[in-house]
Amino acid sequence: MFKRFIRAIKSLFGGFVSSMEDPKLILEQNIRELNDQIPQMNENITTVKANAMMLRKEVEKYEKSISEITSKIKSAIEADRDDLAEGYALQLEKAKENLQHSKQQLKYAEQAYEKALKVKQAFMREKDRKIKEAREALRASERAEWQAKVADALESFEMGGLDQTHSEMVNRLNEETARNEARMEIALESVDTETMEIEANAEKLRARELVNQFKLEMGKDSKAKEDKTIDIEEPAKTEKESQKTVGKEKTKS
């Protein structure tokens, strides 16, 4: 029972932590951490190299010491000072032991340095690969976010956004235009335009008669007669056409 309770608690907090994680922020943090590891690695490699250099100097020192002690031993033997030669012999033996120990340490140090360089190279390759992969994922995420925004915009057009508003406004304008055109047609139909034309023609005829009277009074008989003849025919024709038009209007009614 207790294990089940612990498992439930872990699943609860695990889900909570997962919901709080932002993959983009985590990848960016990983890139920073990978880059931050390079200075520390360089410092470690520097330490290993410094140790190898120190051991190499010790080896050179012991080799030089051995050469000097050997010369002293030879000089003491030539001087028949075996007691001094024996003392130098012990120092030579100790120097050779130290030299052997230093050479062994130097060997390990050089191997460690070479291994550290290889580790760094492998780390740099892996770092570059992970950073490249992370940056590609980040760019893909940015593209996906942009595509999601475009998709949201297109969906808003279809689901009652700008597209619906645009269509609604266009339809309203078309309806208003059609309504105004219909009102104009109705208004024109309600006006007796034929009667108005007849009245206008009658006024023109009356004006011509008045002009012809003036011409008669002024002695322009022949031309006035012709005009009068024309004027007489035109009213008759106009009256006939008016009757025909009125007849059509009655038929329509």
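At 43% relative accessibility, Asp128 counts as partly exposed, and in this predicted model its side chain forms a salt bridge with Lys127, the closest N and O atoms being 3.1 Å apart. Lys127, by contrast, is buried, with a relative accessible area of 7%; the value falls in that class because the limit for a buried residue is set at under 20%. The bridge between Lys127 and Asp128 thus pairs a buried lysine with a partly exposed aspartate.

A search of the whole structure finds 7 salt bridges. One of them is formed by the side chains of Lys103 and Glu63, for which the distance from N to O is 3.9 Å. This pair links distant parts of the chain, with Lys103 placed in helix H3 (residues 82–158) and Glu63 in helix H2 (residues 23–78), 40 residues apart. Both partners are partly exposed, the relative accessible area being 37% for Lys103 and 38% for Glu63.

A further salt bridge is found in helix H5 (residues 193–217), where Glu209 and Arg206 are 3 residues apart and therefore separated by about one helical turn. The closest N and O atoms of this pair are 3.7 Å apart. Glu209 is partly exposed at 37% relative accessibility, and Arg206 is likewise partly exposed, with a value of 48%. In addition, salt bridges that share partners join Glu126, Arg129 and Glu133 into one network.

Helix H5 also contains Phe214, which at 52% relative accessibility counts as exposed, because the class begins at over 50%. Together with Leu210 and Met218, Phe214 makes a nonpolar surface patch of about 330 Å². For the chain taken in full, the accessible surface comes to about 20,700 Å², and 55% of this area belongs to carbon and sulfur atoms.

With regard to the contacts between helices, Ser102 offers a local example. This serine lies in helix H3 and counts as buried, its relative accessibility being 2%. When its neighbours within four places in sequence are left aside, Ser102 is in contact with Leu55, Glu58, Val59 and Tyr62. Tyr62, one of these contact residues, has a charged group over its ring, since Lys61 lies over the face of Tyr62 at 5.1 Å from the ring centre. A search of the whole structure for aromatic pairs, on the other hand, finds 0.

At the level of the overall fold, the chain has 6 helices and 0 strands, and, read along the sequence, the elements follow the pattern α-α-α-α-α-α. Residues 24 or more positions apart account for 75% of the contacts in the chain that have a separation of 6 or more; the contacts of Ser102 in helix H3 with residues including Leu55 and Val59 give a view of such pairings at the level of single side chains. Buried residues make up 13% of the 253 residues in the chain, and both Ser102, at 2% relative accessibility, and Lys127, at 7%, belong to the buried class.

Technical notes
Residues are numbered from 1 along each chain as its sequence is written. This is a predicted model: local features need pLDDT of at least 70, side-chain atom pairs count only at pLDDT 80 or more; totals for chains, interfaces and linings use all residues. Side-chain values use heavy atoms; hydrogens and water are left out. A salt bridge is a side-chain nitrogen of Lys or Arg within 4 Å of a carboxyl oxygen of Asp or Glu. Helices (H or I, at least four residues) and strands (E, at least two) are DSSP runs, numbered from the N terminus. Buried means under 20% relative accessible area, exposed over 50%, partly exposed in between (1.4 Å probe, protein chains only). Patches are made of residues with over 30% relative accessible area and no salt bridge: like charges are joined within 9 Å, nonpolar side chains (Val, Leu, Ile, Met, Phe, Trp, Tyr) within 5 Å. Accessible areas come from the Shrake-Rupley method with a 1.4 Å probe; for residues, only the protein chains shown count as cover. Contact means heavy atoms within 4.5 Å. Rings of Phe, Tyr and Trp (its six-membered ring) pair if their centres lie within 6.5 Å; planes under 30 degrees apart count as stacked, over 60 as edge-to-face and the rest as tilted. A charge sits over a ring if NZ of Lys or CZ of Arg is within 6 Å of the ring centre and within 35 degrees of the ring normal.
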